[in-house]
Structures are given as structure tokens and as C-alpha cells.
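User: Hi! I'd like a close look at one part of this protein, the charged contacts and what surrounds them. Could you walk me through it?

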Amino acid sequence: MAALIAENFRFLSLFFKSKDVMIFNGLVALGTVGSEELFSVVAFNCPCSPARNYIYGLAAIGVPALALFLIGVIWNNHTWNLVAECHKRGTKNFSAAATFLLFGSIMGRASVAPITWSVISLLRGEAYICALSEFVKPSSLDKFPAEYGTEALAKFPCRDVPENLTKFRDEVTRRLRYESQLFGWLLIGIVAVLVFLTKCLKHCCSPLSYRQEAYWAQYRSNEDKLFRRTAEVHSRILAAKNVKQFFGFVALDKEEKELVQEFPVEGVQPSPQWNAITGVYIYRENKGFPLYSRLHKWAKGVEGNGPTPEGHELLFLAS
């Protein structure tokens, strides 16, 4: 029994490691759902006024979605790698396919939260009802009193209507909620189809075998973890060295003293080295051997960013 449990935990661990992008997107979507629910309860308050309803309803759906999209673009490492690439080397080494792939990766990852927000808003229906209630044609409502017009319809989302309009308010609300939820389900279906086609296209166009692609993902993850951990230790040791030179001593705890003794730091890496390992990386091979990252490429002493007679560029972006 214990062995079975241990094996299950091992499987779950490998699953989460191999599906880190999927898990990240799921957490983003889950956080967005919670944020939308909180917004609807605390912040959403339809003005129930002609002309204002439409602007407020669209803003309640569109503005948070736009903000989430921009935050997603900012948080994506590919964005800043692209900025560094354009600043240091320009885009002359990128083909049209590589550029499209890069922008697609950035936009796709950044779209998870805004699409989730839009879908939840449409399924709830409050913002849609608020925005479009005043545009319902009174003639489409059976026996709607002629003395009431747009102003009365605009107040339907707030339930502040005369008793003789209650049944019309319920009908309008039910009709608009149906339309809103229909658009929400359609959006879910469209996104699902696009994700499916994108995954199929990615695997069909990938120059790597399934096992090599999995190895590359593991390499990128391990390189990033080791680089961050080593950079943190290196910067701490370098800072300790400089502080000691200024004051004549440095106050270190036991762990930091052990790090200073175990890893002597003589200096810092020159800017050309930092520039060489920074930027967008598209999978390349050199003399038949794979180069899995800019750091890997620098360590092998391969010069240049574009394909060469001895190298072969394969348009496959790291996800």
C-alpha cells in the first residue's frame, strides 16, 4: 500500500513538472474567476440610466480584460526577451514564421486571464443585461404599456420598476441572460477549437521528437532554476566581498560564511557575456548537435544568431 501511494505521488510530481504551463494557465484562470466573482459582488453597480448603462456594461467586461491582458504581456518572459533581442541585435535574424510564432506565444499566454474574465462575465450575465436592457424594443414585448420607453427599460437591471412592469422586467432579463450565456458558451467553444488546432499544428510542425521535446523542456526548467539559484549566491558573495572591502569586515551568518568559503568569486561577468545569453531563443542545431538555449550556445562557443553553413535553424520557440 505504501509503495502504491509513493508511486502515485511520484506520478503526480512528474505530471506537474511536465505540465507546468498548463498548471500555470489553470491557476491564472482560477484566480481570474475568483476576481470576477469578487468584482460582481463588491464593485459592480449598474447605473440604470439611459446611455450610461451601455458604457458601464462594456467597461465592466472590457476594461478588466484589457488590464489582465497587459499584465499577462508584462509578466511573460518572452516579451522582455523580445525587447532585449530588438535592442541588442534587431529582428533581421528572424524569419516571418519565427516572428509569428513568438508573438503568438506571447499573445496566447496573455489571453488566458482576459478570456476567462469575459467568459465568466457573459455566463453571469449582469454586465450584458446592464449594457443592453435599454436597447430592447418595446414592440417585441407583448402588451408593453405605451407610456413607458427607454428610461423604464434602462431601470430593469436595478429592479426599480413599477409593479405593472415586473413581468416585462423578468422577460427582458431572461432574454438578455440567455443571449449573454449563449455568447459565453460560443466563446468557450471557439477558444477550445483554437487551442486544439494550435496544439496539433505545433506538434505537426515541430522538428523534434516527442522525447527530445520533453528533454528540452526539462533542460530549460533545470537551467533556469540553477541559473537563478547560482546568480543569487554569486551576487550575495560578491556583495559580501565589496562590503568587506569598504568596512574592513562583513557580518555574515553561518550559512553565508560557508558559501563565501566554498565558492570564491573573483569578479563579475562582462556585458558581452550577459548580452550573449539574453534574448529570444529559437531551437537550433550546430553540426547536427542540438543547442537548447542561449546559455548552451554560448558555452559551446557558437557565434552568431542566425543560421550558418555549419548550423541549422529550426523554427521552434521555447514555450
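How many salt bridges does the count come to?

Analyst: Happy to help. Please keep in mind that this is a predicted model. The count comes to 6 salt bridges, and I'll take you through some of them helix by helix.

Let's begin in helix H9, which covers residues 166–205. Here the side chains of Glu171 and Arg175 form a salt bridge, with 3.3 Å from N to O. These two residues sit 4 positions apart in helix H9, so about one helical turn separates them. Glu171 has a relative accessible area of 25% and is therefore partly exposed; Arg175, at 26%, is partly exposed because that value lies between the 20% and 50% cut-offs.

Helix H9 also holds Leu194, and this leucine belongs to a nonpolar surface patch together with Tyr178, Leu182, Phe183, Leu186 and Ile190. Together, the residues of that patch have about 600 Å² of accessible area. An unreviewed UniProt entry lists residues 182–201 among its "transmembrane region" spans. In the model, that span is 100% helix and 0% strand, with 28 Å between its end C-alpha atoms.

Next comes helix H10, residues 210–247. Asp224 and Arg228 meet there in a salt bridge of 3.1 Å, N to O. They are 4 residues apart in the helix, which means a separation of about one helical turn. Asp224 is partly exposed at 38% relative accessible area, whereas Arg228 counts as exposed at 52%.

Further along helix H10, the side chains of Glu232 and Arg236 make another salt bridge, at 2.6 Å from N to O. Again the partners are 4 residues apart, so they are separated by about one helical turn. Glu232 counts as partly exposed at 38% relative accessibility, and Arg236 does too, at 28%. Through salt bridges with shared partners, Glu232, Arg236 and Glu256 are joined into one network.

There are also acidic residues in a patch of their own. Asp253, Glu255, Glu258 and Glu262 form a negative patch on the surface. Of these, Glu255 lies in helix H11, residues 254–262, and counts as exposed because its relative accessibility is 52%.

Finally, let's look at the loop between H11 and helix H12 (271–276), where Val268 is found. Val268 has a relative accessible area of 56%, so this residue is exposed. Val268 and Ser235 are 33 residues apart along the chain, and their C-alpha atoms are separated by 9.0 Å.

Methods:
Residues numbered from 1 in each chain as written. Predicted model: local features only at pLDDT ≥ 70, side-chain atom pairs only at ≥ 80, totals over all residues. Heavy atoms only, no water. Patch = residues over 30% accessible without salt bridge, like charges linked within 9 Å, V, L, I, M, F, W, Y side chains within 5 Å. Areas by Shrake-Rupley, 256 points an atom, 1.4 Å probe, with all protein chains shown as cover. Salt bridge = Lys/Arg side-chain N within 4 Å of Asp/Glu carboxyl O. Lys, Arg positive; Asp, Glu negative; His and termini not counted. Charge placed at Lys NZ, Arg CZ, Asp CG, Glu CD. Buried < 20%, exposed > 50% of the residue type's maximum accessible area, 1.4 Å probe, protein only. UniProt positions renumbered as here; feature names shortened; annotations may be inferred.
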